[in-house]
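Visitor: I would like a quick tour of this protein. Could you take my questions one at a time?

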Amino acid sequence: MIWNDEFETLPREVIESLQLKRLQQTLQRVYATVPFYRRQLDKVGMTPDKVRSLADLQRLPFTLKQDMRDNYPYGLFAVPLEQIVRIHASSGTTGKPTVVGYTRRDIDTWAELMARSFVAAGAHKGDVIHNAYGYGLFTGGLGAHYGAEKLGASVIPMSGGNTKKQLMIMQDFGSTVLTCTPSYSLYLAEVAAEEGIDFKSLKLKVGIFGAEPWSEEIRKEIEAKLNLKAIDIYGLSEILGPGVGIECIEAQKGLHIWEDHFIPEIINPETGEVLPHGEHGELVITTITKEGIPMIRYRTRDITRIIPEPCICGRTHVRLERMSGRTDDMLIIRGVNVFPSQIESVLINIEGVEPHYQLIVDREENLDTLEVQVEVNEQTFSDEVKILQSLSSRIRKEIKDMLGVTCKVRLVEPKTIARSEGKAQRVIDKRKEQ
């Protein structure tokens, strides 16, 4: 089932023609209204009239998150504030928040793309959508909410937290679709088990999970514990919010990115060189319909690749491979590049280990150290010491074999590692404190 058959199945040449037209219009608009972009384009000698093909896009400069902070709060807005009907912002935990604004048309576009995404995930008008993404400055909750209403489904605006009540509402209200972070879905499963609630007794059929990287192994874990199809959704506040791309339920293999609104590129994160389709690198996105705060070649820091091959669902927009991590989440341990998702894929395949872990990075005598703290289940935790030692040695060996880095493994008792209602904090890097 497809929400907007006209645009989701456009022929390739029509998509590219539309992209070029909308790109040129966007560049003309930001050149005229956003001093930052005018300076950036003038600096490289690329005024909007010189962009005559999509290939010219790679001649334009990148936009960075730091640029948004440097122009805090409204410096990148392309319309007067009286035309902005909604303002969202990041948490600002690593500096000033990044602020984004939406015009009325932007809100309508967002709702449309989220409706497309819900339908791609297998949702329809008759569904009861249990929305456990956070409401507020974070874009997740309201983005999903407006999309559900656009679809015509019944939406339950639960937001995050109050986990026992979430489960009660799912039971009593007959929720059929769940939206939240993947890590929170596993916490829901954990609390349900404590409360004696069997997910097989609920009406849930689909879960739409995003806002943090998660592995194929975690998908299998979620699907088994929650008795639903787990669909990956992608978005980021700087570009739109949730609904930039999503897996279709037919394939569950790559996220369709809505190319009539966004132009994706993959670059070498070190050189900025544009890479061919199929090669892994950093995702860069240009918005071509946003009015409030257009983004030209925004570096997302997410690692993925473009899948150009046609999908069995019939949608013609290219797909993005599941995000394998972020360039700013990448740890360099004694010269070895390590992503949390790589360690997660090792842990999830080891019996007796729970999908809750934390990586503690430190430096001792000028040498980087990595400690992997991982929960074991109740049965394993009560086993003999030698069994726990054997499990610890196995984890250490498998991480060494896969990543080539030596780590310390610390097994902790169940429910020791803090749970998150939003994005899970997987890494504590103490080197930054030194």
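Visitor: Which residues point one way from β10, and which point the other way?
Guide: This is a predicted model. Six side chains of β10 are split between two directions, and all are buried. I263, E265 and I267 point one way. Pointing the other way are F262, P264 and I266.

Visitor: How many residues of strand β10 are buried?
Guide: The strand covers residues 262-267. It is largely enclosed by the rest of the structure, because its buried residues number 6 of the 6.

Visitor: Which strand is joined to β10 by 6 bridges, and which residue there is the bridge partner of E265?
Guide: The two strands run antiparallel, and the one joined to β10 is β11, residues 281-287. Within β11, E265 has as its bridge partner V284.

Visitor: In what order do the strands of the open sheet stand?
Guide: There are 4 strands, and their pairing is mixed. Strands of a sheet pair through backbone hydrogen bonds, either parallel or antiparallel. The order here is β20-β19-β18-β21.

Visitor: Which strands stand at the edges of that sheet?
Guide: An edge strand here has a single partner strand, so one side of it is left without a neighbour in the sheet. That holds for β20 (408-412) and β21 (427-429).

Visitor: How many bridges join β18 to β19, and which residue stands opposite L359?
Guide: β18 spans residues 353-364 and β19 spans residues 367-376. They run antiparallel, and the bridges between them number 9. Opposite L359, in β19, stands V372.

Visitor: Which strands does helix α10 touch, and which does helix α12 touch?
Guide: Both helices pack on the sheet. Helix α10 (residues 340-347) makes about 135° with the direction of β18, and it touches β18, β19 and β21. Helix α12 (residues 385-403) makes about 135° with the direction of β20, and it touches β18, β19 and β20.

Visitor: Which residues of helix α9 are buried, and which are exposed on the other side?
Guide: In α9, residues 216-226, the buried ones are I218, R219, E221, I222 and L226. They cover an arc of only 165° around the axis, so they lie on the same side of α9. On the other side, the exposed residues are K220 and A224.

Visitor: Which residue follows α9, and what is its phi?
Guide: The residue after the helix is N227. Its phi is positive, near 55°.

Visitor: Is T163 buried or exposed?
Guide: T163 lies in helix α7, residues 163-173. Leaving out residues up to four places away in sequence, it touches Y184, Y187, L188 and V191. Buried means under 20% relative accessible area. T163 has 9% relative accessibility, so it counts as buried.

Visitor: How many helices and strands are there in the protein, and what is its radius of gyration?
Guide: The protein has 12 helices and 21 strands. The globule rule gives 22 Å for 434 residues. The protein is as compact as a globular protein of that length, because its radius of gyration is close to that value, at 22 Å.

Visitor: What share of the contacts with a separation of 6 or more comes from residues 24 or more positions apart?
Guide: Buried residues make up 56% of the 434 residues. Among contacts with a separation of 6 or more, the share from residues 24 or more positions apart is 66%.

Terms used
Residues are numbered from 1 along each chain as its sequence is written. This is a predicted model: local features need pLDDT of at least 70, side-chain atom pairs count only at pLDDT 80 or more; totals for chains, interfaces and linings use all residues. Side-chain values use heavy atoms; hydrogens and water are left out. Two strands pair if DSSP finds at least two bridges between them. Contact means heavy atoms within 4.5 Å. Axes are lines fitted to C-alpha atoms, for helices over the stretch in contact, and angles run from 0 to 180 degrees between N-to-C directions. The radius of gyration is taken over C-alpha atoms; the globule rule is 2.2 Å times the number of residues to the power 0.38. Buried means under 20% relative accessible area, exposed over 50%, partly exposed in between (1.4 Å probe, protein chains only). The arc is that of the directions from the helix axis to the C-beta atoms.
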